[in-house]
Amino acid sequence: MAATPVLAGPRPAAGARFFCTAGRGLEPFLMREVRARLAATQVEYISGKVFFTTCSDLNMLKKLKSAERLFLLIKKKFPLNVPSVNKGKIFNEMQNLVNDDPESWLNAISIWKNLLELDTKKGKLSQRDANPLKRKVEENDIINPKKLKTEQMQELQESRECQLEKEIEEETPEQDFLTKREKSQEAFQNDVVKAGDTQNQKDLTFRVSCRCSGAIAKTFTAQEVGRVIGIAVMKQFGWKADLRNPNLEIFIHLNDVYSVVGIPVFRVPLASRAYIKTAGLRSTIAWAMASLAEIKAGAFVLDPMCGLGTILLEAAKEWPDVYYVGADASDSQLLGACDNLKAAGLKDKIELLKVSVIELPLPSESVDIIISDIPFGKKFKLRKDIKSILQEMESFWDALEHFEPAKSVL
């Protein structure tokens, strides 16, 4: 399938237009996933990005496993024409990404805000239903005005505390930033919801994040592009720039194939799994490997060189009714895998063994599926051992009569 540029057409009557970034080679996995998981339509891709239309809410969008980041699409166009001279002309083309069709920007902002608002309302409804005392009061229609006012003041105070906490988190070291961003996601959504109607709201704050490659990157820096786009946004909509803690982030990617503008739907990338404490193999790749294995309920799945257990974690989250075993000869890797299992709540789903791959205590023909990221290369020095490793795994892997034909993903 050739990677060709695709241009945005008219917005469909139902559904919003999104795009996800994906690792090289994972675009086909992501295309299949958005069709199956989100009932997406108008699915198309260019290298590193998959575009689609869906009516799904944030709860469903969060479940994408092969995507790196999720964006609400503002516009997608052919690449900018970079002249050999006259930077003013190309600056004008950049500004036209904003000025040519401001309505598409406002529509995208409105959809983005409504998504977050609906998700916030669902979260509050879920919390209310989970509280039996509060539910009993509502069912009996007994409302204490003084108590209600007190609760509202508490919610306002909590919101202010979340905002302060978020500002403090911006000052934390980079290695702690991901965890802090996860904690601030709810506060971020509340801030956006309280912003009111974005089409009439002049107090919306934003920042521009740019990626440039190809010819344009040889002429302009990402900072220059961001500054030009930022000025155009301020003039067109009256929004205020805030580089540290904005309500809205605007993402722009310019290269020789396309120009894409979008809004990150979540502050935390989809590929940064909350249930993985110590990352090993990239989570999107691990999920893709597990999906190729076509795991069925009741199967026996083995990772004989599991490392930090990333593949098994991704598989167990997606296909829970399976018996998983991970083995590794490294104490440090198994300790990391054990921490990951605890954090993910999967200790009862995955069994870990400290043993070499060529000494696995398993009977022949006892394993249905083997999934493993085999550590090839000079670093791991497996040149002579790789043949015996593969023979050992083959002896365990054979389809039993009561299972579908097993698959091996090596």
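Tutor: A salt bridge is a side-chain nitrogen of Lys or Arg within 4 Å of a carboxyl oxygen of Asp or Glu. The structure here is a predicted model.

Student: Why is the contact of aspartate 100 and lysine 77 called a salt bridge?

Tutor: Their side chains meet at 3.8 Å, N to O. The cut-off is 4 Å, so the pair qualifies. Aspartate 100 lies in the loop between helix H3 (87–99) and helix H4 (102–129), and lysine 77 in strand S4 (residues 69–77), so the pair ties together parts that are 23 residues apart in sequence.

Student: What makes lysine 77 partly exposed?

Tutor: Its relative accessible area is 31%. Partly exposed covers what is neither under 20% nor over 50%, so lysine 77 belongs there.

Student: How do you know that glutamate 44 and arginine 17 form a salt bridge?

Tutor: The N to O distance between their side chains is 2.6 Å, and the limit is 4 Å. Glutamate 44 is in strand S2 and arginine 17 in strand S1 (residues 16–21), so this pair links parts 27 residues apart in sequence.

Student: Are these two residues buried or partly exposed?

Tutor: Arginine 17, at 9% relative accessibility, is buried, as the threshold is under 20%. Glutamate 44 has 23% and is partly exposed.

Student: What separates glutamate 117 from lysine 113 in helix H4?

Tutor: They are four residues apart, about one helical turn. Their closest N and O atoms are 3.5 Å apart, which makes a salt bridge. Lysine 113 has 10% relative accessibility and counts as buried.

Student: How many salt bridges does the rule give?

Tutor: The count is eight. Salt bridges with shared partners join Glu33, Arg37 and Glu318 into one network.

Notes
Residues are numbered from 1 along each chain as its sequence is written. This is a predicted model: local features need pLDDT of at least 70, side-chain atom pairs count only at pLDDT 80 or more; totals for chains, interfaces and linings use all residues. Side-chain values use heavy atoms; hydrogens and water are left out. Helices (H or I, at least four residues) and strands (E, at least two) are DSSP runs, numbered from the N terminus. Buried means under 20% relative accessible area, exposed over 50%, partly exposed in between (1.4 Å probe, protein chains only).
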